Every structure is written in structure tokens, then in C-alpha cells.
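Let's take a walk through this protein together, starting with one residue and then stepping back for the wider view. Keep the sequence and the 3D picture side by side as you read.

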Amino acid sequence: MTVRAQQALQTAEAVLYDALVSPEVLELAPETSLKIETGKRGGQLSMSQVEINRLMLSLARRGLKVVRLKGGDPSVFGRSGEETAFLAGHGVAFEVIPGVTAASAAAAQFGFPLTHRQQAHRVILATARTQNGAVSLDSGAALADPQATLALYMGRDSLAEVSAVLIAAGRDGATPALAVERAGYDHARRVCSDLKGIAEAVHVAGFSGPVVVIVGSVAGFAQAAV
Ligand SMILES: C[S@@+](CC[C@H](N)C(=O)[O-])C[C@H]1O[C@@H](n2cnc3c(N)ncnc32)[C@H](O)[C@@H]1O
């Protein structure tokens, strides 16, 4: 996390945190601060976005310094757009502090780049899960582009379908692929395969935590480092 994020947390009076936030990070907040979990953990239901928005607003209107704490970078599949629009619409001042998104954490930890001067000129951050829960990937040319690294979020349980969609869109099934579970943590794990084999590899590894999948020639750098 950035120094700025650390400072914000250390001076927070209320912290609304998602399930992907590690306990070590949460411990940075003052003991006296109000800490409310908004995400899913242990089979419990998450708060709805409407409830989270209302809570942020009511705490801010009580004059508290509120930190909305998320895993990774809030601007990557983090609903920062919805939350900042809500706060702006209610006249609440806010600051967005960037973080390290899962794909970047995985790249640093397992020795591969997301871009490469010769092999990967673009990065696509994509998700296989849509708002209504159905698997839907844009099967357009961008996803089949061999020069594009694909970082796939929220795709752990739909990888077989996602791989099939990508191969049907024109990606070579032999494209290097790797999946990283709990990137950035000491106990992070990864499996290396290719696009056609990555779903099976993840299944065999029994990953149950958050997983980011990287598809593209850059994944070969991690494979070389195994
Ligand atoms: C709602 S998104 C949040 C992404 C987050 N804002 C980020 O920038 O990494 C949740 C998904 O991100 C990915 N993810 C989040 N944290 C991860 C981690 N530590 N390791 C691997 N993947 C992670 C997983 O695909 C997970 O299903």
C-alpha cells in the first residue's frame, strides 16, 4: 500500500473494509476507530452497494474521517466510480488513494512483466463476471490480440468457459497462462500452464482464494522462473 494510504488509515475514525483486506492492514487503523466489514467472508452476505453508500454518507455527516478500504486498486473492479459519484452527488469531499492491483502484485511476486517491448504492447484488465452473474467476455479482436496481455479478474470459477471464449475469438490455445492465488501475500500460490490447460490446472491446485489469471506471452517469464 502507498504511504498516503497508510497515513489515511492511521488517522481514520471509521473504516469500512472489504473482505479482501488483510488483517495486518486493518491493524494500522487506530484501535478506537469504528471498523465495519462490508464484504463477504465465511459465507456471510455482503452489504449491498446502497447500504454501503448510505453508511459512508451517514458517518461522514457525523463529522467522522471515513476510510473506505478495499483490496488492490480501488479503480480496478473496485466500484470506485459508483462510490465517488455518490459522494460527489451528496457534496461529500473525498480523495481516492491508488493501490496495487492484483495483476501488478502477481507480476512483481512471480517474476514476469505485464508489458514487454517486443512481446506485449497492451494490457487488458477484464472480468468474466458481469453484474447479473452471467459469464460474458467481449470476444472482440482485442482479446485475441497476441500482443495484448490479458489479466482476468473474478474468473476462477468460470475459467473453462473463459478459455473457450478466448480460443474461439482467435487466441492460440498454446498461449502461456498462469493463475496466481492471493497475489502479494506471503502464502501466494501460482500454477503455470497454457490457455487451453489453465482451467484444469487451477482445478487440480484447488485454489479457493482470490485468483488473477494472466494470459499472454509474458506469462512465459514466470514459467521460466519456476
Ligand atoms: C472485486 S475484484 C477487486 C480487484 C482489486 N480492486 C484489485 O485491484 O486487485 C476481486 C477480484 O480481484 C482479484 N484479486 C483481488 N485480490 C487478489 C489477490 N490478492 N490475488 C489474486 N487475485 C486477486 C480476484 O480475481 C478477485 O476475484
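In which loop does Arg79 lie? Look between β3 and α4, and you'll find Arg79 in the loop there. Keep in mind as we go that this is a predicted model. The backbone does something worth a look at this spot: phi of Arg79 is near 60°, which is a positive value in a residue other than glycine. As for cover, Arg79 has a relative accessible area of 47%, so it counts as partly exposed. The cut-off for calling a residue exposed is over 50%, and buried means under 20%.

Gly71 sits in that loop too, between β3 and α4. With 32% relative accessibility, Gly71 is partly exposed. Leaving aside residues up to four places away in sequence, Gly71 touches Leu20 and Val21. Ala19 is another residue to find from here: Gly71 and Ala19 are 52 residues apart in sequence, while their C-alpha atoms are 8.0 Å apart in space.

Ala19 also gives us a way to reach another loop. Ser46 belongs to the loop between β2 and α3, and its C-alpha is 8.8 Å from that of Ala19, with their positions 27 residues apart in sequence. Ser46 has 31% relative accessibility, so it is partly exposed.

Now for the wider view. The chain has 9 helices and 8 strands. How far does it stretch? Along its principal axes, the C-alpha trace spans about 55 × 35 × 35 Å. A compact globule of 226 residues would have a radius of gyration near 17 Å, and the 19 Å of this chain agrees with that. Of the 226 residues, 42% are buried. Among contacts with a separation of 6 or more, 64% are between residues 24 or more positions apart.

What about the outside? The accessible surface of the chain comes to about 11,900 Å², and 54% of it belongs to carbon and sulfur atoms. On the charge side, there are 20 positive and 20 negative side chains, and the centres of these two sets lie 3 Å apart.

Let's follow one helix from end to end. Helix α3 covers residues 49–61, and its 13 residues should span 18 Å at 1.5 Å a residue. The C-alpha atoms at its ends are 18 Å apart, so the model agrees with the expected span. Which residues of α3 are buried? They are Gln49, Ile52, Asn53, Met56, Leu57 and Leu59. As for their partners, the buried residues of α3 pack against the strands β1 (14–17), β2 (34–37) and β3 (66–69), and also against α4 (80–89). Just after α3 comes Gly63, which takes a positive phi of about 90°.

Next, go back towards the start of the chain and pick out Ala8, which is found in helix α1 (residues 3–10). Is Ala8 buried or exposed? Its relative accessibility is 12%, so Ala8 counts as buried. Not counting residues up to four places away in sequence, Ala8 touches Lys65, Val67 and Ile97. For a sense of distance, try locating Val165 as well: Ala8 and Val165 are 157 residues apart in sequence, and their C-alpha atoms are 42 Å apart in space.

Our last stop is strand β6 (176–181) and the loop that leads on to β7 (189–194). Glu181 lies in β6, and with a relative accessibility of 3% it counts as buried. What does Glu181 touch, if residues up to four places away in sequence are not counted? The list is Ala188, Arg189, Phe207, Ser208, Gly209, Pro210 and Val211. You can also look from Glu181 across to Thr2: these two are 179 residues apart in sequence and 22 Å apart in space, C-alpha to C-alpha.

Arg182 is found in the loop between β6 and β7. Its phi is near 55°, a positive value in a residue other than glycine. That may ring a bell, as phi of Arg79 is positive too, at near 60°. With a relative accessible area of 28%, Arg182 is partly exposed, whereas Glu181 is buried.

Definitions and conventions. Residues numbered from 1 in each chain as written. Predicted model: local features only at pLDDT ≥ 70, side-chain atom pairs only at ≥ 80, totals over all residues. Heavy atoms only, no water. Helix = DSSP H or I, 4+ residues; strand = E, 2+ residues; numbered from the N terminus. Rg over C-alpha atoms; globule rule 2.2 N^0.38 Å. Buried < 20%, exposed > 50% of the residue type's maximum accessible area, 1.4 Å probe, protein only. Contact = heavy atoms within 4.5 Å. Areas by Shrake-Rupley, 256 points an atom, 1.4 Å probe, with all protein chains shown as cover. Lys, Arg positive; Asp, Glu negative; His and termini not counted. Charge placed at Lys NZ, Arg CZ, Asp CG, Glu CD. Expected span 1.5 Å × (residues − 1).
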